[in-house]
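Q: Please take a close look at one part of this model. I would like to know how it is built and how its charged side chains pair up.

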Amino acid sequence: MLSNIRVVLVGTSHPGNIGSVARAMKTMGLSNLYLAEPRCEPDGQSVALAAGACDILKSLKTVDSMEEAIKDCSLVIATSARSRTLDWPMLDPRQAGEKMAAESASGQVAIVFGRENHGLNNEELQRCNYHLFIPANPEYSSLNLAQAVQLVCYETRMAWLAGQEQEADVVEYPSNEDHERFFTHLEQTLTRTGFIIKNHPGQVMTKLRRLFTKARIESQEMNILRGILTSVDKKVGDDK
């Protein structure tokens, strides 16, 4: 299960952070590290701060975008400050750890950490199922990247250890890539029916993304929705 959990760092700019994150992961039994569009590469400082976790540095994967790093994941959780403009389902570290431990039994899951200076942008955040907020001291909430990773990895390990004593039904969820295909199909169909006005789309798709993200639909449910959209497409085509 833990081997199905990946830590994704987006736009990392300090080599030392990469090594410190590798160390934080290995102490909790996680090993899959992804660097998405990094601004630096691991170096001697990374190795020094990894402190024995060099195997994670050697096996890490570097990709061109966050999208590529999460495309085959059925659950994606993004670390984020609370936002008044982007109302997304929120989790604390314990809740996030429980979800990742549970869903890693049936597929790939990811926890995404943003850039050191300004985190993840809204478009990146909207590609994720949940946002994780660490309720640190509001008067001094200055966690560095490795500390944040350590907190989440710890909670994930605790949930995984607790889950070893329980058996639960395995639910299959669609991958992030499948989600994006669904949202593309949905937007195309709603545009064809005239529900979305192409030149003035407004916030319809953003709100629908939030709706389906909150619903946390399963793979079979998504197949039904795609079938419904296909039937609407055929009807619209027949009426033309």
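The answer starts with one helix and then follows its contacts outward.

A: This is a predicted model. The part to look at is helix 8, residues 176-193.

Begin with its length. Helix 8 has 18 residues. At 1.5 Å a residue, they should span 26 Å. The end C-alpha atoms are 26 Å apart, which agrees. Just past the helix comes Gly 194, with a positive phi of about 90°.

Next, burial. Buried positions in helix 8 include Asn 176, His 179, Phe 182, Phe 183 and His 185. Leu 186, Thr 189 and Leu 190 are also among the buried residues of this helix. An α-helix has 3.6 residues a turn, so residues three or four places apart point the same way.

Charged residues come next. Side chains of opposite charge can pair when their charged atoms come close. One such pair stays inside the helix: Arg 181 forms a salt bridge with Glu 177, with the closest N and O atoms 3.8 Å apart. The two are four residues apart in helix 8, so about one helical turn separates them. Arg 181 is partly exposed, at 42% relative accessible area. Glu 177 is partly exposed as well, at 34%.

A second pair leaves the helix. Glu 180 meets Arg 209 in a salt bridge, 2.6 Å from N to O. Arg 209 lies in helix 9 (residues 204-215) and Glu 180 in helix 8, so the pair ties together parts that are 29 residues apart in sequence. Are these two partners buried or exposed? Arg 209 counts as buried, because its relative accessibility is 15% and the cut-off for buried is under 20%. Glu 180 is buried too, with a relative accessible area of 14%. Nor does this pair stand alone: Glu 67, Arg 127, Glu 180 and Arg 209 are linked in a network of salt bridges.

The count for the model comes to twelve salt bridges. One of them lies outside helix 8 and makes a useful comparison: Arg 115 and Glu 37 meet at 3.7 Å, N to O. Arg 115 sits in the loop between strand 6 (109-113) and helix 6 (122-126), and Glu 37 in the loop between strand 2 (32-36) and helix 2, so this pair ties together parts that are 78 residues apart in sequence. Arg 115 is buried at 13% relative accessibility. Glu 37 is partly exposed at 33%.

Glu 37 leads on to strand 2. Four of its five residues are buried, so strand 2 is largely enclosed by the rest of the structure. Strand 2 runs parallel to strand 1 (residues 5-10), and five bridges join them. In this pairing, Leu 9 has Leu 35 as its bridge partner. Strand 1, helix 1 (residues 15-27) and strand 2 make a right-handed β-α-β unit. Strand 2 also runs parallel to strand 3 (residues 61-63), joined by three bridges. There, Tyr 34 stands opposite Lys 61.

Finally, a look at the surface. Tyr 154, Met 158 and Leu 161 form a nonpolar patch with about 250 Å² of accessible area together. Leu 161 belongs to helix 7 (residues 145-163). Its relative accessible area is 37%, so Leu 161 is partly exposed.

Notes
Residues are numbered from 1 along each chain as its sequence is written. This is a predicted model: local features need pLDDT of at least 70, side-chain atom pairs count only at pLDDT 80 or more; totals for chains, interfaces and linings use all residues. Side-chain values use heavy atoms; hydrogens and water are left out. Patches are made of residues with over 30% relative accessible area and no salt bridge: like charges are joined within 9 Å, nonpolar side chains (Val, Leu, Ile, Met, Phe, Trp, Tyr) within 5 Å. Accessible areas come from the Shrake-Rupley method with a 1.4 Å probe; for residues, only the protein chains shown count as cover. A salt bridge is a side-chain nitrogen of Lys or Arg within 4 Å of a carboxyl oxygen of Asp or Glu. Buried means under 20% relative accessible area, exposed over 50%, partly exposed in between (1.4 Å probe, protein chains only). The expected span of a helix is 1.5 Å times one less than its number of residues. Two strands pair if DSSP finds at least two bridges between them. A crossover is right-handed if, with the strands pointing away from the viewer, the path from the first strand over the helix to the second runs clockwise.
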